[in-house]
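Reader: I would like a close look at one part of this structure. Please pick a single residue, then work outward to the strands.

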Amino acid sequence: MHKQLTGIWHNDFQSKMELLAIENRIIGRYSSHTGSKGVYQLVGHCSGEAPTQTMGQSVALSIYWKNIAEGEKDESWHWAGSMVGQLQHDGKLTLTNVIVVSVPFGSYQKGNFVDKLIFNKSSADVDHESVKSDLPEECNIEERPVIGKWVSLDQRQLLDIYHVKGASGSTSAWLVRGDSEVILTGFIDVDAEPEMAQSLSLSGYESDEQSAFSLSGMLEPGKDTMTLNSWHAEQTSQEDSFMQTRMESTTFRRLNIEK
């Protein structure tokens with residue numbers, strides 16, 4: 001277990017993030033008091049080494065902005081997002097926060113909204129059983145537009161989204177790049193109506209580069225292509241932390257496999 005990452009974290013907006021990090025995997029919850037208030041599930045990945053003075057610890061999280069606590073539902077419950085950055089030696093967790101607004105809500109129109117969040121650890125104590133608990137699950141969803149195999153337009157990447165749970169939107173996928181195969185975990189918006197864009201966020205860890213990363217974006221209704229932004233958490237020193245997050249955009253098309 002990563003003692004440095006495991007714990008309760010707060011940012012300047014008094015949002016709370018509970019993280020449980022085991023090896024390269026992270027699970028947790030996020031509680032927000034800004035915008036649409038609620039409690040949200042998150043999963044992610046991290047590099048294996050604790051931060052040092054010369055190199056931070058790579059962190060990438062996927063979050064589904066669907067409230068799992070009591071509350072009045074609104075259109076922001078369709079959104080997904082990525083939080084990517086690094087834990088530095090000074091104890092600060094700095095993340096690029098990307099919210100995928102797939103369905104307009106209030107003054108927020110469709111698109112990717114980006115800001116920077118800085119978290120400080122307030123406690124090392126996490127209720128492990130509570131963090132591990134999940135929504136009651138229905139059967140696995142087999143028919144959602146985003147489920148299936150996707151290939152990048154340059155033929156260099158294959159994304160296979162194959163396992164989605166019915167209540168939480170919890171998702172598993174494979175990403176193949178050349179000889180590299182990466183297991184991804186994350187969420188899709190399981191409540192999107194047929195006329196809505198479907199948001200998704202998936203996170204993984206590239207062991208060769210010791211870098212965690214997150215893919216996020218949306219699939220427009222009726223489309224067989226989608227563009228996902230890949231946010232890579234680079235390990236840097238504190239002096240070079242302005243270069244800690246690298247973004248690449250990739251367009252995928254649906255791969256129709258003949259039976």
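Author: What follows starts at one methionine and then turns to strand pairing. Keep in mind that the model is predicted.

Start with Met218. Its place is in strand β14, residues 211-219. Is Met218 buried or exposed? Its relative accessible area is 13%. Buried means under 20%, so Met218 counts as buried.

Which residues does Met218 touch, leaving out those up to four places away in sequence? Val100, Val101 and Ser102 are among them, as are Lys110 and Gly111. The list also includes Ala197, Gln198, Ser199 and Leu200. Met226, Thr227 and Leu228 are on it too. Asn112 is 106 residues from Met218 along the chain, yet their C-alpha atoms are separated by 9.6 Å.

Leu200 leads on to the next strands. Leu200 lies in β13 and stands opposite Ile188. Strand β13 covers residues 198-206 and pairs with β12 in the antiparallel sense, over four bridges. Strand β12, residues 180-188, also pairs with β11, residues 170-177. That pairing is antiparallel as well, over eight bridges. Within it, Thr171 has Gly186 of β12 as its bridge partner. β11 and β12 form a hairpin, with two residues between them. Gly178 sits in the turn, with a positive phi of about 60°.

Elsewhere there is a closed barrel. Eight strands make it, in the order β1-β2-β3-β4-β5-β6-β7-β8, with antiparallel pairing. The twist averages 30° from one strand to the next. Take β1, residues 7-11, and β2, residues 16-22: they pair in the antiparallel sense over four bridges. There, Trp9 has Met17 in β2 as its bridge partner.

Notes
Residues numbered from 1 in each chain as written. Predicted model: local features only at pLDDT ≥ 70, side-chain atom pairs only at ≥ 80, totals over all residues. Heavy atoms only, no water. Buried < 20%, exposed > 50% of the residue type's maximum accessible area, 1.4 Å probe, protein only. Contact = heavy atoms within 4.5 Å. Pairing = 2+ DSSP bridges. Axes fitted to C-alpha atoms, helices over the stretch in contact; angles between N-to-C directions.
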